[in-house]
Each structure stands twice: as C-alpha cells, then as structure tokens.
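Grab a pencil and work through these exercises with the structure in front of you. Try each task before you read its solution.

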Amino acid sequence: MSSLLSDTALVFGRYARQTLRSKLQMLFGVLMPLLYLLFFGPLLTRLPLSSSGSSWQVLVPGLLLQLGLFGASFCGFGIIVEKQFGVVERMRVTAVSRPALLLGRLLRDALLFVFQAVLLVLAALVLGLRAPLPGILIGFAFVAALTVALASLSYTLALKVNTPQEFGPVINAVTMPSMLLSGLMLPMTLGPTWLDVLSHVMPLRYFVDAVRAAFVGDYASSAVLYGSLAAVAFAALSLALGARAFRRAAA
C-alpha cells in the first residue's frame with residue numbers, strides 16, 4: 001500500500017506540473033459551461049423549472065456535471081499522444097505500480113475539474129445562485145466522482161485505439177446522448193413520460209437529480225441516496241476496468 005501511495009503521488013506530481021504549466025487548459029476548460037451560465041441562465045430565471053428551488057438551483061448543478069462529462073470524457077487524448085511519443089512503451093519497463101499510473105492521472109483530473117467547478121459556482125453566485133454551502137460541497141464531490149469514472153473509461157478506450165480519429169467519434173457518440181438524456185440542461189420531468197422513463201437508464205441522471213436536491217438543501221431525499229449509490233458503483237466499475245487496461249498495456 002505504501003508503494004502504491006508513493007507511486008501515485010509521483011505520477012500525480014508529473015501530470016500536475018504539466019497542468020500548472022498550461023494556464024489555458026485550467027481556465028478554458030470551464031469556458032463552455034460558463035457561456036451556458038451567462039447566456040442561457042438568464043432565459044430561465046422566470047420559468048418554473050422545479051417545484052422547489054430557483055432556476056439557478058436547477059441549471060447550475062447540470063452545468064457542474066456537464067463540466068465533468070465533457071472534460072473527463074476527453075482525457076484519453078493525452079494517452080494517445082503519449083503512445084505516439086513512446087511514453088507508454090517506456091512505461092512498460094518501469095517499476096511503478098500499474099494502478100498508480102491510472103490513479104495519479106485521475107487525481108490530477110479530479111482536482112482540475114473541481115477547481116473549474118469552483119470557478120463556475122463563484123460566477124453563478126454573482127449572477128444570482130443561492131444554495132447552501134453543504135449542497136455546493138456535495139456538488140463538488142459528485143463532479144469528482146464523475147470525473148474519476150469517465151476519465152477511467154476514457155483512458156481505457158485510449159489504450160485500445162491508435163489515433164484521435166478513432167477516439168473522438170466514440171466519445172461524441174457517448175457524451176451527446178448522455179447530456180440529452182440525463183437532464184443536464186433541464187429536468188427530464190418537464191418532458192414526455194416515455195422520455196423521462198428512458199432517462200433512468202443513464203447513470204448520469206441520478207447524479208444530476210442528487211446534486212439538484214443538495215442545492216435546495218434536501219440532503220435526506222431519495223435522490224441523494226440513489227445518486228450516491230450510482231456514483232460509487234459507476235466509479236468502482238470504471239476504476240476496475242481502467243486498472244485492468246493499464247496492467248495489460250504495461251505487460
């Protein structure tokens with residue numbers, strides 16, 4: 001365990017330094033959710049989107065998870081670049097723990113997207129969001145869990161393909177339906193019944209419902225419980241798949 005922790009810290013330090021040297025990556029990753037916040041949010045301020053809470057308490061949780069969805073899903077591009085430069089080949093002869101090669105990357109990704117989520121919430125507070133601090137912190141925890149799950153799957157896919165042209169279409173084919181069917185922008189209960197029922201097959205739907213409940217202070221609701229269970233199960237499964245992929249890549 002001590003070896004795993006030290007190796008994870010070593011890998012995390014390498015990728016964290018890369019990220020800190022790229023200020024544009026840290027700031028521009030939040031650009032798309034921020035644009036939605038600035039230009040889409042004011043259109044919803046007078047619409048009754050939910051029986052509890054304001055329109056900002058409906059929109060901002062969706063934007064937080066949108067940040068994790070699109071950001072983490074494309075993390076695998078870094079692996080593809082490393083494969084092209086021989087980094088993965090050199091990885092095979094190192095003594096670093098194979099799970100640490102994944103965990104160090106995931107720790108960097110989770111911290112990066114939580115940092116961007118903080119920036120997004122600060123902007124939302126200026127625009128009119130009012131939410132309890134524990135609810136906001138719960139939202140950050142779900143962003144981290146979603147990042148870990150999706151980045152693990154993204155790295156797994158990136159280890160199996162050879163070019164960005166193979167990787168990009170697969171990610172787009174997954175992220176767009178996930179965004180539309182999970183109710184990121186608007187609650188699925190506003191749509192027809194069949195669409196609401198269909199959305200429950202998407203794990204992200206439970207994340208969204210949980211964070212929206214937390215943002216109105218409803219911490220004991222079934223939505224938070226189901227969202228937490230979905231987050232733990234989804235992250236655990238994704239981590240197992242990712243660790244297996246890294247062991248095979250380094251074999």
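**Exercise 1.** Find out how many salt bridges the structure holds, and which residues are linked with R14 and E82 in a network.

*Solution.* Start with the rule: a salt bridge is a side-chain nitrogen of Lys or Arg within 4 Å of a carboxyl oxygen of Asp or Glu. By that rule, the structure holds five. Next, look for shared residues: R14, E82 and R105 form a network of salt bridges.

A quick word on the source: this is a predicted model, where local features need pLDDT of at least 70, side-chain atom pairs count only at pLDDT 80 or more, and totals for chains, interfaces and linings use all residues. Residues are numbered from 1 along each chain as its sequence is written, and side-chain values use heavy atoms, leaving out hydrogens and water.

**Exercise 2.** Take the salt bridge between E82 and R105: which helices does it tie together?

*Solution.* First, the distance: N to O is 2.6 Å for E82 and R105. Then place the residues: E82 sits in helix α5 (residues 77-84) and R105 in helix α7 (residues 98-127), so the pair ties together parts 23 residues apart in sequence. (Helices are DSSP runs of H or I, at least four residues, numbered from the N terminus.)

**Exercise 3.** Is R205 buried or exposed, and what about its partner D209?

*Solution.* Use the cut-offs: buried is under 20% relative accessible area, exposed over 50%, partly exposed in between (1.4 Å probe, protein chains only). R205 has 6%, so R205 is buried. D209 has 25%, so D209 is partly exposed. Their closest N and O atoms are 2.8 Å apart.

Notes:
Helices (H or I, at least four residues) and strands (E, at least two) are DSSP runs, numbered from the N terminus.
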